[in-house]
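The following account leads the reader through a protein model, from its sheets and the helices packed on them to its aromatic contacts. The sequence and the coordinates should be consulted alongside the text.

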Amino acid sequence: MALNIDWMNEAKKRKDDLVRDVQALVRIPSVRDDGGAKPEAPFGPKVAEALDYMLTRGQEEGFRIKNVDGYAGHIEMGEGEKLIGVLGHLDVVPAGDGWSVDPFAAEVKDGRLYGRGAIDDKGPTVAAFYALKIVKELGLPLRKRVRLILGGDEESDWRCVAHYFQREEMPDVGFAPDADFPIIHAEKGIIDADLSYRPPESAEAEGLALASFQAGRRYNMVPDAAEAVVEGAGRTEELLGLYEQFCRERGVKGSMRQSEGAVVFQLEGVSAHGAEPERGKNAGVYLAQFLASLPLDGRSRPFVQFVTSAFFGDARGRRLGLAYRDEQSGDLTVNVGVLSYDRRHGGTIGLNIRYPVTAAGDAIRRTLAGAAAEHGFALSRFSDTKPHYIDPSHELVRTLQRVYEEQTGEPARLLAIGGGTYARALAAGVAFGALFPGRPDVAHQKDEYIEIDDLVKATAIYAQAIYELAK
């Protein structure tokens, strides 16, 4: 039978309660706390409190609930063999500095709800919970079960879903309300790799000596600062002139000072997410390029020369022989996330590679190891998270497209991203909202917020989606 339900009106009726629940959840500072971890709270007491809050709300509303050893939990309704999964997470990244509001007060002003986790991922997760509530309260007949799965470690190591799916069944299809609308059906593979350099014992010590070099702390961020200490420089006026000219021509900020017989170079770049390295200016790679122009000794010269020749002006892996691309997900990208060198031990280049869904991690590993070996480097670490791809013709994708277009009147374009969402944890899953096109992405930033109108609209979309998938 054809049901004519005004999903948006149903969501609006519950707006005040929806906002109150998001506020209550945001007020729990559920940052992972390894120091406070216990067997029943593996991610610390505050993540456990957030999970307990949501499961209690589920029980109060008459759903079936389960806490899976504190790692994750679920809220379930419906009957039947088949299972629809909706995966949200309750942990948040640390608040950081520079907020104009209390990050855990969940203040509402100018139509926005502010707080750490408001958009990533507490607001969207509560919207999915209210979507379940709408379907349940309307008494709609379902032929499948629907399970809202709640993770506690998405921002770190994903131990939550790993533990959960070792013990609980895999949904037949599902979505993660933890990214962008319309629909993300392709997520690139993610590789973290270390290339290690050991200076040859026989290398001549003539020329300037690079004592140390440091840039970056995280593989998935473009380094915005770098520092190098060079010894044996003698007259520094000429060096300063060269460095100032280099920074001017490259459009970066740099400084140079003398310290205990050595010269310290500092360079300021522009940070960006590792999935989109060309949006930033990699301070480490820029500084390496400058150092490669100096008469460095035979120990340190190969390190800065390889960094420069392999990575300067090339975030697509072309010079390494890794220029993969496909129609589904675009180009491979390479971010030099961490650079370190000291004269005694040598150096390390830490890479974050995002590769297209049709490329193979094993082939990338072989090519990378070969390219490194040619320059005296060794591939010392390699971790590979496989890509995730759902065919555009899949029933899940087509259903969500239809729902999105009916609710918004906008075309439901399919997106590919370099980042990773819980959709990867599903056998057949996509990321589906809750950030609408044109809205700034304020996840992980100071003054994070969600537009309350968007929260309500997402609830309506999720309610219809859950019904259409489970009916």
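**Sheets, helices and aromatic contacts**

The structure contains zero disulfides. The model is a predicted one. Two of its cysteines may be considered individually. C160 has a relative accessibility of 0% and therefore counts as buried. C247, at 7% relative accessibility, also counts as buried, because the cut-off for that class is under 20% relative accessible area.

An open sheet of eight strands offers a convenient point of entry. Its strands follow the order 13-14-12-11-17-18-10-19, and their pairing is antiparallel. Strand 13 (253–259) and strand 19 (377–385) are the edge strands, each pairing on one side only. Between neighbouring strands of this sheet the average turn is 20°, with direction ignored. Helix 7, covering residues 283–292, packs on the sheet and touches strand 11 (209–215), strand 12 (225–231), strand 14 (262–268) and strand 17. The direction of helix 7 makes about 25° with that of strand 12.

Within this sheet, strand 17 (residues 333–342) and strand 18 (residues 346–355) run antiparallel and are joined by nine bridges. D342 has G346 of strand 18 opposite to it.

A second open sheet consists of three strands in the order 4-5-24, again with antiparallel pairing. Strand 4 (108–109) and strand 24 (449–451) occupy the edges; each has a single partner strand, so one side of each is left without a neighbour in the sheet. Two bridges connect strand 4 with strand 5 (residues 112–114) in the antiparallel sense, and V108 has L113 in strand 5 as its bridge partner. Helix 2 (residues 15–26) packs on this sheet, where it touches strand 4 and strand 5, and its direction makes about 20° with that of strand 5. Helix 11 lies across strand 4, strand 5 and strand 24, and runs at about 65° to strand 24.

Attention may now turn to strand 6, which spans residues 145–151 and is mostly covered, with seven of its seven residues buried. How are its two faces composed? On one side stand R145, R147, I149 and G151, on the other V146, L148 and L150, and all of these are buried. Strand 6 has pairing partners of both senses. Strand 2 (residues 72–77) runs antiparallel to strand 6 and is joined to it by six bridges, and E76 has R147 in strand 6 as its bridge partner. Strand 3 (residues 83–89), by contrast, pairs with strand 6 in the parallel sense over seven bridges. H89 stands opposite G151 of strand 6.

Burial also marks helix 4 (residues 118–137), which is mostly covered: 18 of its 20 residues are buried. Helix 4 is followed by G139, which has a positive phi near 65°.

The aromatic side chains provide a further view of the model. A pair of aromatic rings is described by the distance of the centres and the angle of the planes. The structure holds 26 aromatic pairs. One of them is formed by F175 and F432 and is edge-to-face, with 5.4 Å centre to centre and 80° between the planes. This pair links distant parts of the chain, 257 residues apart: F175 lies in strand 7 (residues 173–176), and F432 lies in the loop between strand 22 (429–431) and strand 23 (434–435). F175 is buried, since its relative accessible area is 0%. F432 likewise counts as buried, at 0% relative accessibility.

F175 also forms an aromatic pair with Y462 that is stacked, at 5.4 Å centre to centre and 25° between the planes. Here too distant parts of the chain are linked, as F175 in strand 7 and Y462 in helix 11 (residues 452–470) are 287 residues apart. Both F175 and Y462 are buried. Helix 11 thus appears in two settings, as the element that carries Y462 and as the helix that lies across the strands of the 4-5-24 sheet.

Elsewhere, ring pairs link Y197, F213, F303, F306, F311, Y341 and F377 into a cluster. Lysine side chains also take part in contacts with rings. K136 lies over the face of F63, at 5.5 Å from the ring centre. The charged end of K457 is placed over the ring of F436, 4.5 Å from its centre.

Methods:
Residues numbered from 1 in each chain as written. Predicted model: local features only at pLDDT ≥ 70, side-chain atom pairs only at ≥ 80, totals over all residues. Heavy atoms only, no water. Pairing = 2+ DSSP bridges. Helix = DSSP H or I, 4+ residues; strand = E, 2+ residues; numbered from the N terminus. Axes fitted to C-alpha atoms, helices over the stretch in contact; angles between N-to-C directions. Contact = heavy atoms within 4.5 Å. Phe/Tyr/Trp six-rings, centres within 6.5 Å; stacked < 30°, edge-to-face > 60°. Buried < 20%, exposed > 50% of the residue type's maximum accessible area, 1.4 Å probe, protein only. Lys NZ or Arg CZ within 6 Å of the ring centre and 35° of its normal. Disulfide = S-S within 2.5 Å.
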